[in-house]
Amino acid sequence: MAELSGFFADHLRRRRQDYNDRFAAARMAAPALDGEALLDHLARTVAPVVDAVAVADPAGAAAAADALYAVSLELLGRDLVGPRCRQAAVNDGWRHLLAAFPMITAAEADAFARAITNAIHAISAHGTADPSLWLGHMAAVEGQAADLATLLDCGVVAAWRIGMAQYREAALDAAGRLPAALVAALLRLPPATVPGLVEAWRADPWAQQAGQPDRVPRRVATVGGFRGFGGPFLTPPVVVSQGRRLVAFDAERAWTIVADRFGATLLPDTVDDYDADPPADRPSIDRRGQARFGHETAQFRDLADPASFASDGTTLAVT
């Protein structure tokens, strides 16, 4: 276990009896709560954060320490933080983000710590997204976010950027609220291009730059798979379009297909109705595997004789 020193060590000595009483009460509710695990978590994760707050905002350090101790007791008892955490990246998130934004931690330590925990568990549950990449993108705005609301918006944009396409609309809304410099740092774009691209991506998820939609057919992702191999489908799926949505369904369930330039995923859904006669100008693929979008074509020989295909106007899904 790491040695305790600095502001937090002194604070812990001053609050020892109170903290011991709170630990005993928490252990009554969660008997699996382990004292050694708590001390390890406090030394490795909480102490460096509180010490960083003490440097940036000495008046707020004690309150931040108390808040982080309280939320640590709750989450440690559920293995959501600490040495037995089900997602080790949560500990990294606390250490890096809470310390990187000490003024926000001083003002809203409880809410900030919970937001980091929830975000990393959600990213980890996604399956293909990497929490360490999310932390890397969040590090790009260190020192630039003034409050938790701004940082939460940054978190949504960063989650979208690492492949969680289901957050596209929320991320675009957040990008519209954030300063262009923050969005540029998160998406690693020149700041001058941000406003135009945000609007372009609302209309076309594949836009390369403002005013120039991408119309060249190209493969961007493979999603799905059979249930016996870890995928969602019980039987070979069929894809259909519902207006601006793409839906895949098997004999049992349905999923919305969400895809854009940063990622692709399936979300549980229902099939209420579909476009039996989609507009002729939508992307399509023929039996030879030739995909067409307007006047542009591309050959995909392994997609010849498709079982089904559908398009929402910008994206073509093929089974």
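**Exercise 1. A helix and its surroundings**

Which residues in H10 are buried? Work this out on the predicted model, then describe what surrounds the helix.

*Solution.* Start with the residues themselves: Leu-182, Val-183, Ala-184, Ala-185, Leu-186 and Leu-187 are the buried ones in H10. Next, set them against the whole element. Helix H10 spans residues 180-187, and six of its eight residues are buried, so the helix is largely enclosed by the rest of the structure. Now look for the cover: helix H7 (131-139), helix H8 (148-161), helix H9 (168-177) and helix H11 (194-203) are included in what covers the buried residues of H10. Finally, step just past the end of H10, where Arg-188 takes a positive phi of about 60°.

**Exercise 2. Two loop residues**

Decide for Ala-88 and for Thr-314 in turn: is each residue buried or exposed?

*Solution.* Begin by placing Ala-88, which sits in the loop between helix H4 (61-76) and helix H5 (89-100). Its relative accessibility is 54%, and because exposed means over 50%, Ala-88 counts as exposed. For its place in the fold, take Pro-131: the two residues are 43 apart in sequence, and their C-alpha atoms are 9.7 Å apart in space.

Then turn to Thr-314, in the loop between strand E8 (309-311) and strand E9 (316-318). Here the relative accessibility is 12%, and because buried means under 20%, Thr-314 counts as buried. To see what it touches, leave aside neighbours within four places in sequence: Thr-314 is then in contact with Ala-203, Asp-204, Pro-205, Trp-206, Arg-244, Pro-283 and Phe-293.

**Exercise 3. Strands and their partners**

Describe how E1 pairs with E2, then find the order of the open sheet that holds E6.

*Solution.* Strand E1 covers residues 238-242; four of its five residues are buried, so this strand is largely enclosed by the rest of the structure. E1 and E2 pair in the antiparallel sense over five bridges, and one bridge joins Val-239 to Ala-248 in E2. The hairpin of these two strands has two residues between them, and Gly-243 there takes a positive phi near 65°.

Moving on, the open sheet of three strands runs in the order E5-E6-E7, with antiparallel pairing. Strand E5 (284-285) and strand E7 (296-299) stand at the edges with a single partner strand each, so one side of each has no neighbour in the sheet. Between E6 and E7 there are four bridges, antiparallel in sense. Phe-293, one of the contacts of Thr-314, has Glu-296 in E7 as its bridge partner.

**Exercise 4. The largest pocket**

How much space lies in the largest pocket, and which residues are closest to its centre?

*Solution.* First the volume: the largest pocket holds about 960 Å³ of space. Then the lining, which is made of 40 residues, with Ala-221, Leu-303, Leu-316, Ala-317 and Val-318 the closest to the centre. Sorted by class, the lining has 28 nonpolar, five polar and seven charged residues. As a last step, match the lining to the strands: strand E2 (245-249), strand E3 (254-260), strand E4 (263-269), strand E6 (290-293) and E9 each supply at least two of its residues.

**Exercise 5. Cysteines**

How many disulfides does the structure hold? Check two cysteines for burial as well.

*Solution.* The count is zero. As for burial, Cys-85 counts as buried at 11% relative accessibility, and Cys-154 counts as buried at 0%.

Methods
Residues numbered from 1 in each chain as written. Predicted model: local features only at pLDDT ≥ 70, side-chain atom pairs only at ≥ 80, totals over all residues. Heavy atoms only, no water. Buried < 20%, exposed > 50% of the residue type's maximum accessible area, 1.4 Å probe, protein only. Contact = heavy atoms within 4.5 Å. 1 Å grid on protein atoms, 1.4 Å probe; cavity = no way out; pocket = protein on both sides within 12 Å on 5 of 7 lines; lining within 4 Å. Points joined across faces, edges and corners; volume = space filled by probe spheres on them. Nonpolar A, V, L, I, M, F, W, Y, C, P; charged D, E, K, R; others polar. Disulfide = S-S within 2.5 Å. Pairing = 2+ DSSP bridges.
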